[in-house]
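Hi,

Here is the structure I promised to pass on. Have a look at it first, and my notes follow underneath.

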Amino acid sequence: MKKFFSVLVLVAMMVIPSFAVSVPKNHVVSAAWLSKNAKHVVIVDVSSPKEYKMGHIPGAVNIPKEKFFLGRAGNIKALLDTPTQVSQLFSNAGISNNSTVVFVSHVKASKKYSDMTRGFWTAWVYGMRKVAILDGGIEAWVAHGQKLTTTPTMAKKGNFKVKKFYSSNVKSLVDIKSALVNKNAQLVDAREEAHYVGKDTDKRLVRHGHIEGAKKVSAYYFTKKDGKLFKMVSPAEAKAIFKKAGVALNKPIITYCNTGHLATGTWFAAKFLAGVKNVGDFDGSMYEYSRTSLPVAN
């Protein structure tokens with residue numbers, strides 16, 4: 001009889017559905033994947049509150065991208081959120097430490113996918129590993145035949161608490177100085193041409209141009225048009241983009257932009273598409289660097 005009940009328990013365990021969700025190795029999910037797993041993941045829409053109200057994926061919670069720039073250091077703004085800020089932000093969005101999270105946004109231009117990677121980068125730095133971004137953004141969700149809603153999601157509070165900090169993904173001005181002098185890392189500028197050559201009019205910067213010796217690999221390069229959608233490039237294409245710019249994939253990379261936001265797009269492509277093992281984002285980026293006396297080229 002005891003053996004009989006043991007068999008029944010074993011059978012019951014086999015038929016109980018498992019809702020553990022694994023994200024792809026490259027941390028990019030398709031609209032089809034998300035529609036299948038939507039009930040078992042936390043969908044974080046990083047669009048502006050106005051965009052979110054106009055229409056979002058059912059069940060998605062809204063964390064506007066600006067919420068990932070809450071860190072401050074003296075007069076340097078738009079830095080990575082502190083552990084306390086992240087713990088509160090994610091918990092209020094219904095995220096716990098064991099949650100699977102997919103960051104989504106509207107991707108109506110090639111640069112917009114960096115809105116998703118900024119949220120992803122923040123989560124990754126603070127220890128989350130079951131995280132992904134939506135290939136093609138919300139537009140891909142609609143193209144897959146899924147509907148949007150204007151009803152806001154009232155998230156049940158989660159219990160996320162920062163337990164780890166992966167510092168290798170966050171670079172500081174000290175790391176930049178080391179790269180300039182010791183040549184122990186490749187500097188990669190994730191901005192568009194005008195900023196790289198110093199012909200922009202960005203008032204946040206004290207000096208314009210790029211960090212001396214930096215290669216230009218814009219975050220814009222890592223999406224391509226697929227009909228009306230902007231989809232991520234393949235791993236082979238990502239590797240080719242870096243190699244064409246003269247960036248070695250077997251050596252450390254530090255990405256940067258103006259505030260560290262756009263640079264998360266190039267960071268993501270390097271780490272998860274091109275397979276670069278040692279890559280970090282310069283948090284202060286040109287906002288901080290332009291206020292130093294370190295060399296600027298254009």
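Let me start with helix H4, residues 83-92: its buried residues are Val86, Ser87, Leu89, Phe90 and Ser91. Among the things covering those residues are strand S6 (101-104) and helix H5 (113-125). After H4 comes Gly94, and its phi is positive, near 85°. Keep in mind throughout that this is a predicted model.

H5 turns up again once you look at the sheet. That helix lies across S6 and strand S7 (131-134), and its direction is at about 175° to S7. The sheet itself is open and has five strands, in the order S1-S7-S6-S2-S3, with parallel pairing. Strand S1 (28-29) and S3 are the edge strands; each has a single partner strand, so one side of each has no neighbour in the sheet. At the S3 end, strand S2 (residues 42-45) runs parallel to S3 and is joined to it by two bridges. If you want a spot to click on there, Val44 stands opposite Val61 in S3.

Next, the loop that leads into S3. Two residues in it caught my eye, His56 and Ala60.

His56 sits in the loop between H3 and S3. Is His56 buried or exposed? Its relative accessibility is 0%, so His56 counts as buried. The His56 side chain reaches the backbone oxygen of Thr151 at 2.9 Å. Setting aside residues up to four places away in sequence, His56 touches Asp45, Leu148, Thr149, Thr150, Thr151, Pro152 and Thr153.

Ala60 belongs to that loop too, between helix H3 (49-54) and strand S3 (61-62). With a relative accessible area of 0%, Ala60 is buried. Not counting neighbours within four places in sequence, Ala60 is in contact with Ile43, Asp45, Tyr52 and Thr153. So Asp45 and Thr153 appear in the contact lists of both His56 and Ala60. As for Lys77, that residue is 17 residues from Ala60 in sequence, and the C-alpha to C-alpha distance is 28 Å.

Now the rings, which I guess you will want to poke at. How many aromatic pairs does a search of the whole structure find? The search gives 12 aromatic pairs. One of them is Trp267 with Phe272, which is edge-to-face, at 5.7 Å centre to centre and 85° between the planes. Trp267 and Phe272 are both buried. Phe272 also pairs with Phe268, and that pair is tilted: 5.0 Å between the centres, with the planes at 50°. Phe268 and Phe272 are four residues apart in helix H10 (residues 263-273), so about one helical turn separates them. Phe268 has 0% relative accessibility and therefore counts as buried. Phe272 comes out at 13%, and since the cut-off for buried is under 20%, Phe272 counts as buried as well.

These rings belong to a wider group: Phe120, Trp124, Trp267, Phe268 and Phe272 form one aromatic cluster. Trp124 has a charged residue on it too, as Arg129 lies over the face of Trp124, at 3.6 Å from the ring centre. Arg129 also lies over the face of Tyr166, there at 4.0 Å from the ring centre.

That's what I have for now. Shout if anything is unclear.

Cheers

Methods: Residues numbered from 1 in each chain as written. Predicted model: local features only at pLDDT ≥ 70, side-chain atom pairs only at ≥ 80, totals over all residues. Heavy atoms only, no water. Phe/Tyr/Trp six-rings, centres within 6.5 Å; stacked < 30°, edge-to-face > 60°. Buried < 20%, exposed > 50% of the residue type's maximum accessible area, 1.4 Å probe, protein only. Lys NZ or Arg CZ within 6 Å of the ring centre and 35° of its normal. Contact = heavy atoms within 4.5 Å. Polar contact = N/O pair within 3.5 Å; in protein donor to acceptor, adjacent residues only side chain to side chain. Pairing = 2+ DSSP bridges. Axes fitted to C-alpha atoms, helices over the stretch in contact; angles between N-to-C directions.
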